[in-house]
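Trainee: I am new to this structure. Please take one part of it, the second largest cavity, and describe its lining and surroundings closely.

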Amino acid sequence: MPRRLRSWFQTHVKRYRNAEDRKGSKDQEQSRPAPLLKLPTSTQHIPATPSTSTSRLPVTPATGSIDIETSTPQPPAAPATGSANIETSAGADDTTVHPPAASATNPTNTETPASADDTTTSLPVRLWDRAYNELKQEEVKLVDSYEKILSRQLQDGPGSTVPESQSNTIAHNTLDRRCQMTQLINAGLAKTEREVKAKESLGVAVDVVLSTKNTISAAIQAVPQAALAWTGICIVLEMLANPIKATEVNRKGIDYVIKRMDWYWNLSTSLLRDPTNNISELDGMRGELENQIVDLYKALLSYQIKSVCAYYRNRGLVFLRDMITLDDWKADLGAIQGAENCFQNDTQAYTNQQVTSRLEQLVSYTKHQEIQQMSEKDQQCLKHVRLTDPRHDKTRIEQTKGGLLQDSYRWVLNNADFQQWRDDPQHRLLWIKGDPGKGKTMLLCGIINELDQGNTANARHCNVVYFFCQATDSRINNGAAVLRGLIYLLIEQQPSVLSHVRKEYDRAGENLFKDANTWVALSNIFTNILQDSSLRTTYLVIDALDECVATDLPQLLDFIAQQSSSGSRVKWIVSSRNWPQIEERLEEAADKVKVSLELNAGSVAAAVNAFILYKVDYLAGRKKYDPRTKKTVQDYLCSNAQDTFLWVALVCQVLAGPEVQKWRTEEMLRKFPSGLDALYARMRENMSRSEDSDLYKRILAVAAIVRRPVNLQELTTLVAVPDVICGDLESLEEIIGLCGSFLTLREQTIYFVHQSAKDFLLGNASDKAGNQASQEAFKWIFPAGKEDVNYTIFLRSLDAMSKILRRNIHGLRAPGFPSDKVQVPDPDPLATVRYSCAYWVDHLCDLISDTNTNRNDLLQDNGVVYTFLKTKYLYWLEALSLLQAMPAGVVAIRKLESLLVSTSLTPH
């Protein structure tokens, strides 16, 4: 019986707890809830403007300012402009608009696809082009006759006679057609100028013609691509110069169209621009308004074209004689005015919604400033909530996997099930499921980016909150960690929700996040946040539910199922492997949507093939492949990938290695079997034949059972490595790279390339076919079982800490110096024992269990544990404080005490 060790615990731990209780009571008495920041009072300023009705709301938060200006366009008789925008950005993007997801009135275009130039032309140009193309499809005979007239003028000049046999030579290609229209306008303007001078010399009034000519000249000079919109007007100048050949109604209609052309040209730019990087809830309205503008443009173009055709019919052009609709000018003008009325009604609705959205942005911006003005208690609370920053986890994951390729995830945006979840407010839970290596994590990274579009640091229209579970990291593989990560990111994006955390935190302090009731407290806090009426639209994304520890997974799944069934402002996305226990729990959720990667094999295969092309292009550039080798590699990968991103990534990683020469590529390629587990088995076999296989085994064994990923310096404590490389980080990096592609390095921290790689080495293959190979791999790296590796980690940790830990190890100048202000020495004496200080007790507990009592001697009096605590206990606590790991130390002490009690009751 380890009486002396138990006695030591009773003395020291009780003393520590009493001091902790006194400190907690004092903190509770001194705590005071901090008032929420108030939105600054707004003032109004309404300037008088003849063409717009404007309201300005200047707001001056504590840091920075933002002005909202909204405008309702009022079309005058003469051209004017209007806008609705937040005056925080202006520039090239002001004349662009993101197209809507779908357009109800955009029929299939039979024109030649636009060239790359279309991506740089202004919004009005693109809309006029679209209107012309749609009109050409709807009024085939009319537009064809018009283009024949234009074709003759291109050949013989303005005003030339059009023969009955005239062919249509107007180009279908957008760019070529613009060039033809520009040529027609230049020639027409020159002819008009000559005629105007001649008539002026005879005393004939030509003010209208001259004014119209100047309008067209200015428009074309400013935007050369505008030729299509003005070509018809330019041709009908001849009619205005010769009024006897046109009816009075037609001339008035032409005059009306001319006055509207420049106005509506500028209006589309001002009205549809969104300088705040797109507000997603306005996308649908913006798309419909764009359709209305196109309809209006078609009416204006139609009137121009009919006027030209009527003029030439009156000159005796036979193929125009059967167009009886060319004389109904009142109806045609009425069509324009009807389109204007529809447009004005929709404009008003759009502008009102735009005002609302801008005001919501203003509130969001102001609330975001709260994070900069938190009280000291708020900052302390947020610091204790933070276990990890999911934004950093996302960046790390993307970088570890070689970056996020858009073609690898964009297919899901067009998936019917995904769109149902996104668009239907009744469907609030989306479950994406699939086998290992199918790209679930990167798929979610892409979805997060898409949902987060339009959000900025100072203006958010929705919260996009996410968490990535990773079984290999004890910080982020449990239910409480998931909720803490989501709450932390929610506070960062909408600081007002911190008040729900403060209610509990002010009573319990830091213990709120580390005692036995942490899950209950966090789930209640999170529920209150989700029910907060001020919570904006929120998307919650949790990746890799299957990597949450088994003890926490059921309650996490139940929580998701319950919360996703209520609250219309919150939508959930979760991903996992095809586990029946996960499906069973999520069945309780109402109106959920599933996206199975196996059922979408075609889309996944296309995404994998795009990934293969990307990787092969990289290999070809790096290894200088000739075309034949490049094609061979690409064909082999496509034939054997089995729609698995991870398989492709692992094979390409090996091919990119310096040991694979270009001339050996095809030979090496044939050694990679199809299928993920088969590839893991081949990688393990290759390592077993190496002279350094024992070292690789020890490293893989430690990597497989540590509580969190360790870095290279920590690894030298846990694994016996040759003395010549113990302090040589470059050599250690090389060794990690030779561990059969099971491991990868990121900022000198060791990670498994994928959870499935760790599962394979632990004997838990993802499929039955690979199970035998997986069991063999387990026996290879754990020949004496996992207990033996835990024993090695425990002993080497205690030995290293006993040698390194000492009083005032960081050389602080005075006792009681704040740990968060300590300057870490370089080199850091604690660098190699960071992991050991926090987790040596965990490995001891794994080593000694109810079913394994062979190691109970470690807890005997004068044993290694007793000796370490007797000589290094205070130095260990000091190290934990310096490492910001005191909570882990408290948990470790409690685990050790429980272990002592359990072993003292075990018969020997």
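Mentor: The protein has 32 helices and 10 strands, where helices (H or I, at least four residues) and strands (E, at least two) are DSSP runs numbered from the N terminus. This is a predicted model, in which local features need pLDDT of at least 70 and side-chain atom pairs count only at pLDDT 80 or more, while totals for chains, interfaces and linings use all residues. Residues are numbered from 1 along each chain as its sequence is written, and side-chain values use heavy atoms, with hydrogens and water left out.

Of the 908 residues in the protein, 53% are buried; buried means under 20% relative accessible area, exposed over 50% and partly exposed in between, with a 1.4 Å probe and protein chains only.

Now to the cavity. On a 1 Å grid over the protein atoms alone, a cavity is a set of points where a 1.4 Å probe fits but cannot get out, and lining residues have an atom within 4 Å of a point. Grid points are joined across faces, edges and corners, and a volume is the space filled by probe spheres set on the points. The count comes to 5 cavities of 30 Å³ or more, and the second largest has a volume of about 70 Å³.

Its lining consists of Thr472, Ala703, Val706, Arg708, Pro709, Val710, Leu743, Ile750, Tyr751 and Phe752. Strand E10 (residues 749–752) gives the most to this lining, with 3 residues. By class, the lining has 8 nonpolar, 1 polar and 1 charged residues; Ala, Val, Leu, Ile, Met, Phe, Trp, Tyr, Cys and Pro count as nonpolar, Asp, Glu, Lys and Arg as charged, and the others, Gly among them, as polar.

Leu743, one of the lining residues, leads on to the surroundings. Leaving aside its neighbours within four places in sequence, Leu743 is in contact (heavy atoms within 4.5 Å) with Gln653, Ile699, Leu700, Ala703, Ile736, Ile750, Tyr751, Phe752 and Val753. Leu743 is also among the residues with the most contacts inside the largest nonpolar core, which has 149 residues. A nonpolar core is a set of buried Ala, Val, Leu, Ile, Met, Phe, Trp, Tyr and Cys residues joined through side-chain atoms within 4.5 Å. Helix H14 (residues 479–493) gives the most to this core, with 10 residues. A second, separate core of 34 residues includes Ile254, Ala299, Ile305 and Cys309.

Methods:
1 Å grid on protein atoms, 1.4 Å probe; cavity = no way out; pocket = protein on both sides within 12 Å on 5 of 7 lines; lining within 4 Å.
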